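Grab a coffee and work through these exercises with the model open beside you. Try each task before you read its solution.

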Amino acid sequence: MMVSATDILNARILIVDDQEPNVNLLEQMLREAGYTSVVSTMDPHEVCALHRKNRYDLILLDLQMPGMDGFQVMEALKANDADGYLPVLVITAQPGHKLRALQAGARDFISKPFDLVEVRTRIRNMVEVRLLYRKIEDYSKVLEQTVRERTAELRESEARYRSLTELASDWYWEQDENGTFTKVSGPVLEMLGIQVPPLAGETGSAQVTGWNEAERKTLQETIAARQPFLDFAFSRVNADGSQQQFRVSGEPMFNRSSRFIGYRGIGVELTARK
């Protein structure tokens with residue numbers, strides 16, 4: 001993620017100083033360096049309103065001003081700045097103010113009297129950092145929005161898949177890694193020869209016989225070996241002599257670490273569809 005020279009020179013800069021000669025000197029220096037969007041004010045009370053309106057990339061702030069000094073301006077900016085980044089480069093003639101200014105939230109400082117080469121370097125470095133911060137912030141927002149959209153797409157796709165599964169199959173099941181059934185519909189438990197207690201609200205659970213034991217054994221062995229199967233033929237003979245035929249499909253489930261987490265499958269009754 002890079003910031004171009006054009007981006008830096010187009011950065012929005014505000015000069016805040018109650019001394020007109022200082023303002024003129026900084027404005028001239030910045031314009032000669034190629035900066036295209038430089039404004040100034042000698043009234044510190046205007047800074048918060050100007051920053052809310054223009055979202056400056058850099059504020060050059062004098063610390064010693066009558067009525068409202070630079071420390072008070074920074075406190076007001078922190079109370080009104082939603083992004084938590086204070087783009088302030090303080091200007092001071094007092095060495096003892098430097099540490100206090102940094103602790104108050106300033107990002108860097110310029111000493112008076114000005115060393116113009118140092119001033120240009122510090123300004124450029126700070127503008128570049130500020131623009132990088134904004135790019136990262138914008139990228140994070142785009143990424144967050146992309147994740148939300150992708151999550152919504154996946155949920156919609158999952159809902160569509162479940163709907164198609166319900167339409168395409170008569171029953172469905174899921175097992176966890178221990179073989180415990182977590183989702184069941186249809187006669188799958190009977191087919192696998194599993195006895196289960198009655199469901200909530202039921203008084204009993206009848207076990208239906210007549211399944212083809214050879215087919216049942218083959219299906220059980222396939223599942224035990226964690227192998228997928230597609231359209232496995234399965235049948236049973238009812239007490240009245242009628243025969244039912246089924247087609248079943250299933251697959252093992254693994255997580256992103258390739259750890260086995262269970263099994264799932266679907267099936268249809270072919271005799272019911274003739």
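Below are four exercises, each with a worked solution.

This is a predicted model, in which local features need pLDDT of at least 70, side-chain atom pairs count only at pLDDT 80 or more, and totals for chains, interfaces and linings use all residues. Residues are numbered from 1 along each chain as its sequence is written, and side-chain values use heavy atoms, leaving out hydrogens and water.

**Exercise 1. Take stock of the chain: how many helices and strands does it have, and what share of its residues is buried?**

Step 1: Count the elements. There are 8 helices and 10 strands; these are DSSP runs, numbered from the N terminus, with helices being H or I of at least four residues and strands E of at least two.

Step 2: Check burial. Of the 274 residues in the chain, 37% are buried. Buried means under 20% relative accessible area, exposed over 50%, and partly exposed in between (1.4 Å probe, protein chains only).

Step 3: Look at the contacts, meaning heavy atoms within 4.5 Å. Among those between residues at least 6 apart in sequence, 56% join residues at least 24 apart.

**Exercise 2. Work out the order of the strands in the open sheet of 5 strands, and find what packs on this sheet.**

Step 1: Read across the sheet. The order is 7-6-10-9-8, with antiparallel pairing; two strands pair if DSSP finds at least two bridges between them. Strand 7 (181-185) and strand 8 (229-237) are the edges, each pairing on one side only. On average, neighbouring strands are turned by 20° against each other, direction ignored.

Step 2: Zoom in on strand 6. Strand 6 (residues 171-176) pairs with strand 10 (residues 260-269) over 6 bridges, and one pair to click on is Gln175 with its bridge partner Tyr263 in strand 10. Towards strand 7 there are 4 bridges, and here Trp173 has Val184 as its bridge partner. Strands 6 and 7 form a hairpin with 4 residues between them, and Gly179 in the turn has a positive phi of about 85°.

Step 3: Add the helix. Helix 8 (residues 213-224) packs on the sheet and touches strands 6, 8, 9 (243-254) and 10; its direction makes about 150° with that of strand 8. Axes here are lines fitted to C-alpha atoms, for helices over the stretch in contact, and angles run from 0 to 180 degrees between N-to-C directions.

**Exercise 3. Which residues of helix 3 are buried, and what do they pack against?**

Step 1: List them. In helix 3 (residues 47-54), the buried residues are Val47, Cys48 and His51.

Step 2: Look down the axis. These residues fall within an arc of 95°, so they line one face of helix 3; the arc is that of the directions from the helix axis to the C-beta atoms.

Step 3: Find the partners. The buried residues pack against strand 1 (12-16), strand 2 (37-41), strand 3 (58-62) and helix 4 (70-80). After helix 3 comes Arg55, with a positive phi near 50°.

**Exercise 4. Compare the surroundings of Val119 and Arg134.**

Step 1: Start with Val119 in helix 6 (residues 116-168). Val119 is buried because its relative accessible area is 1%. Not counting residues up to four places away in sequence, Val119 touches Leu26, Met29, Ile110 and Phe114.

Step 2: Move to Arg134, also found in helix 6. With a relative accessible area of 16%, Arg134 is buried. Its contacts, not counting residues up to four places away in sequence, are Arg12, Arg55, Tyr56 and Asp57.

Step 3: Finish at Asp57. A polar contact of 2.4 Å joins the side chains of Arg134 and Asp57. Such a contact is a pair of N or O atoms within 3.5 Å; within protein, one must be able to donate a hydrogen and the other to accept it, and residues adjacent in sequence count only if both atoms are side-chain atoms.
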